[in-house]
Amino acid sequence: MMDDHARVNRLREEPRTDIPMAHRVQRFVEALQRHICKAIEDVDGAAQFRRDPWKYREGGGGLTCVLENGAVFEKAGVNTSAIQGRLTERAARAIGVHPAPFFATGLSLVIHPRSPYVPSVHANFRYFALGDDLFHPEDQWFGGGADLTPYYPFLEDVQHFHRVWKEVCDRHPGVADYARFKAACDAYFYLPHRGEMRGVGGIFYDYLRDDPEGAFFFTREAGRAFLRSYLPIVERRRDMPYGERERHFQLLRRGRYVEFNLIYDRGTRFGLESNGRTESILMSLPPEVRWQYDWRPVPGSPEAAALWFFQPRDWLALTEADVPQP
């Protein structure tokens, strides 16, 4: 059952004293992980997640869940963590704060389907606190979002994905703003050296500080919206026939995914700089990828048409007439 706005208003006025926000978020992301893994296994029908618990050397740990070589999903990772320690100078600088004791928890997922017609997807929902007292942190904030990376995009799919996130944002005025979060996503998942986006965007938000209860309420509903933003697309495209040409293009576009994650992604950098678990941090990388020197699509081909999608656009304002046809 979704949280009620009246309940959140009460919590703003009378904060809980039995459990800190940090542990409430931890319980939420761990439950969400179980729910998403079950749904992905049900859709795939052939493979199951390997569950790999781990400990962080300063305190806490996490659970990495990875599915590989499935019928629908070539690789899927759904990770949770809840760690604590003290930020190093370098890690603190990376997120714009001072070195201090910290607590961080969140869920991060990446799914790479087998079919070139099914998009890859990424989502992340996280909470960060500074200070020794989790009931009264020196600083705390929420971040997260979701973005879609199709290989052969369909406007219907892109609009479905964005429509779900707009509906979630619109339920939380004052905390969430779809237009602002979409613009932030377009800017974040951009590869300057390629002059294009990694995919077709979604929403991205960070440093939501002003209203912790409201930000948690929004983050809960966003996390619960992930499956309905993505699984209908999977069901529409999973059985479309494809051949070596489509697979080749998929592997080339996966190269863009790798370039972004290793060069620009802040989560990857922070994880490595805070001595996080390398296998879990690099779980996001696809199982197979290809780089081909100076590859260019054949003019008028489906691959050339696909590239039109990898620029920021007002997806919900477009019609099929706006989309170039191969």
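How many of the eleven residues of strand β5 are buried? Some notes on that and on D265, bearing in mind that this is a predicted model.

1. Ten of them: β5, residues 120-130, is mostly covered.

2. On one side of the pairing, β5 goes with strand β4 (residues 101-113), antiparallel, over ten bridges. A six-residue hairpin takes the chain from β4 into β5. If you want a pair to click on, try I111, whose bridge partner in β5 is V121.

3. β5 also pairs with strand β6 (residues 139-149), again in the antiparallel sense, and here there are eleven bridges. A handy pair to look at is N124 with its bridge partner in β6, G145.

4. Now over to D265, which sits in the loop between α7 (244-263) and α8 (266-273). This one caught my eye: D265 is buried but has no salt bridge. The nearest side chain of opposite charge belongs to R198, 5.5 Å away, and a salt bridge has to be within 4 Å, so the pair doesn't count.

5. What does the side chain of D265 reach, then? The backbone nitrogen of T268, for one, at 2.8 Å. The D265 side chain also makes a polar contact with the side chain of Y188, at 3.1 Å. Setting aside neighbours within four places in sequence, D265 is in contact with Y188 and F260.

6. Y188 leads us to helix α5 (residues 178-188), where the buried residues include Y188 itself, along with Y178, F181, K182, C185 and D186. At the start of α5, have a look at D177: one of its side-chain oxygens comes to within 3.1 Å of the backbone nitrogen of A179.

Terms used. Residues numbered from 1 in each chain as written. Predicted model: local features only at pLDDT ≥ 70, side-chain atom pairs only at ≥ 80, totals over all residues. Heavy atoms only, no water. Helix = DSSP H or I, 4+ residues; strand = E, 2+ residues; numbered from the N terminus. Buried < 20%, exposed > 50% of the residue type's maximum accessible area, 1.4 Å probe, protein only. Lys, Arg positive; Asp, Glu negative; His and termini not counted. Polar contact = N/O pair within 3.5 Å; in protein donor to acceptor, adjacent residues only side chain to side chain. Contact = heavy atoms within 4.5 Å. Pairing = 2+ DSSP bridges.
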